[in-house]
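Reader: Please pick one part of the chain and go through it closely, starting from a single position. State each cut-off when it comes up.

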Amino acid sequence: MTTSEPEDFIVDFAGKLREGPADVIDVACGRGRHALYLAGLGHRVVGLDRNVVHIQELASEARRRGLAVDAFEADVESMSLLGGCADAIVNTLFLYRPLFASYVRALRPGGVLLFRTFTTDNIDVLGNEKPGRGFLLELGELRRSFPELEIVHYAEAVIADRAMATLVGRKARP
Ligand SMILES: C[S@@+](CC[C@H](N)C(=O)[O-])C[C@H]1O[C@@H](n2cnc3c(N)ncnc32)[C@H](O)[C@@H]1O
């Protein structure tokens with residue numbers, strides 16, 4: 001279950017985004033709690049989700065608040081992000097491993113990946129039925145998945161009754 005509040009690590013690490021409007025992509029953004037939060041800090045955000053109702057709600061809320069959010073209905077499993085197009089990528093409560101390489105390519109030098117989703121402990125330790133095992137990271141997997149990024153923060157922990165892995169990683173500047 002998601003709320004309209006941003007995940008704590010997004011708030012904690014939003015200061016790692018480059019100053020001035022940063023170009024942010026929120027992948028599988030849902031109703032866009034992070035897109036709205038980061039746009040509220042002055043960044044330009046593209047939100048992508050396949051749920052058209054969520055995308056319409058996000059677009060209308062962004063308009064109401066006067067925020068720079070472009071919300072697109074998109075199946076992110078059948079797309080690849082343009083290389084060097086983003087200062088930050090947000091991926092929360094969503095897992096589609098084939099996108100990982102595209103995240104690294106899409107980040108500009110100095111760009112930041114903000115990633116959090118469920119681990120197998122969500123079933124094995126907490127006994128939560130959802131999401132199913134196919135949507136869970138193995139323990140240690142998230143850290144191993146982005147060797148090209150400098151790890152700014154990594155944690156595997158139970159947060160609000162959910163077992164999650166969190167990674168904040170930065171692409172090196174040349
Ligand atoms: C648990 S919600 C998380 C939403 C948001 N990231 C958040 O943390 O609030 C998972 C989202 O992934 C979206 N999603 C699942 N598969 C997708 C796909 N192939 N392409 C785009 N969005 C997808 C769903 O529509 C849903 O909005």
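Author: Ile10 is buried, since 21 other C-beta atoms lie within 10 Å. The scale used here calls a residue buried if 20 or more other C-beta atoms lie within 10 Å of its own, exposed if 12 or fewer do, and partly exposed in between, with C-beta atoms placed from the backbone. The model is predicted: local features need pLDDT of at least 70, side-chain atom pairs count only at pLDDT 80 or more, and totals for chains, interfaces and linings use all residues. Residues are numbered from 1 along each chain as its sequence is written.

Ile10 sits in helix H1 (residues 8-13). Helices (H or I, at least four residues) and strands (E, at least two) are DSSP runs, numbered from the N terminus. If neighbours within four places in sequence are set aside, the contacts of Ile10 are His34, Tyr37, Val90 and Leu114. A contact requires that the C-beta atoms of two residues, placed from the backbone, lie within 7 Å. Val90 is 80 residues from Ile10 along the chain, with 8.6 Å between the two C-alpha atoms.

Val53 gives the opposite case: this residue is exposed, with 10 other C-beta atoms within 10 Å. Its C-alpha atom is 26 Å from that of Val11, at a separation of 42 residues along the chain. Val53 belongs to helix H3, the part to examine in detail.

H3 covers residues 52-65, which is 14 residues. From first C-alpha to last, H3 reaches 20 Å, close to the 20 Å expected at 1.5 Å a residue; the expected span is 1.5 Å times one less than the number of residues. Ile55, Leu58 and Ala62 are the buried residues of H3. Viewed down the axis of H3, these buried residues fall within an arc of 60°, so they line one face of the helix. The arc is that of the directions from the helix axis to the C-beta atoms. An α-helix has 3.6 residues a turn, so residues three or four places apart point the same way.

The cover over the buried residues of H3 includes helix H2 (33-40), strand E2 (44-49) and strand E3 (69-73). On the face turned away from the buried side, H3 carries the exposed residues Val52, Val53, Ser60, Arg63 and Arg64. Gly66, just after H3, takes a positive phi of about 70°.

One loop position can be added. Gly42 lies in the loop between H2 and E2. Gly42 has 13 C-beta neighbours inside 10 Å and therefore counts as partly exposed. The C-alpha atoms of Gly42 and Val69 are 10 Å apart, with 27 residues separating them along the chain.

For the setting of H3, the protein has six helices and seven strands, in the order α-β-α-β-α-β-β-α-β-α-α-β-β along the sequence. Of its 174 residues, 41% are buried. Contacts between residues at least 6 apart in sequence join residues at least 24 apart in 57% of cases. The C-alpha trace spans about 45 × 40 × 30 Å along its principal axes. The radius of gyration is 15 Å, which agrees with the value near 16 Å for a compact globule of 174 residues; this radius is taken over C-alpha atoms, and the globule rule is 2.2 Å times the number of residues to the power 0.38.
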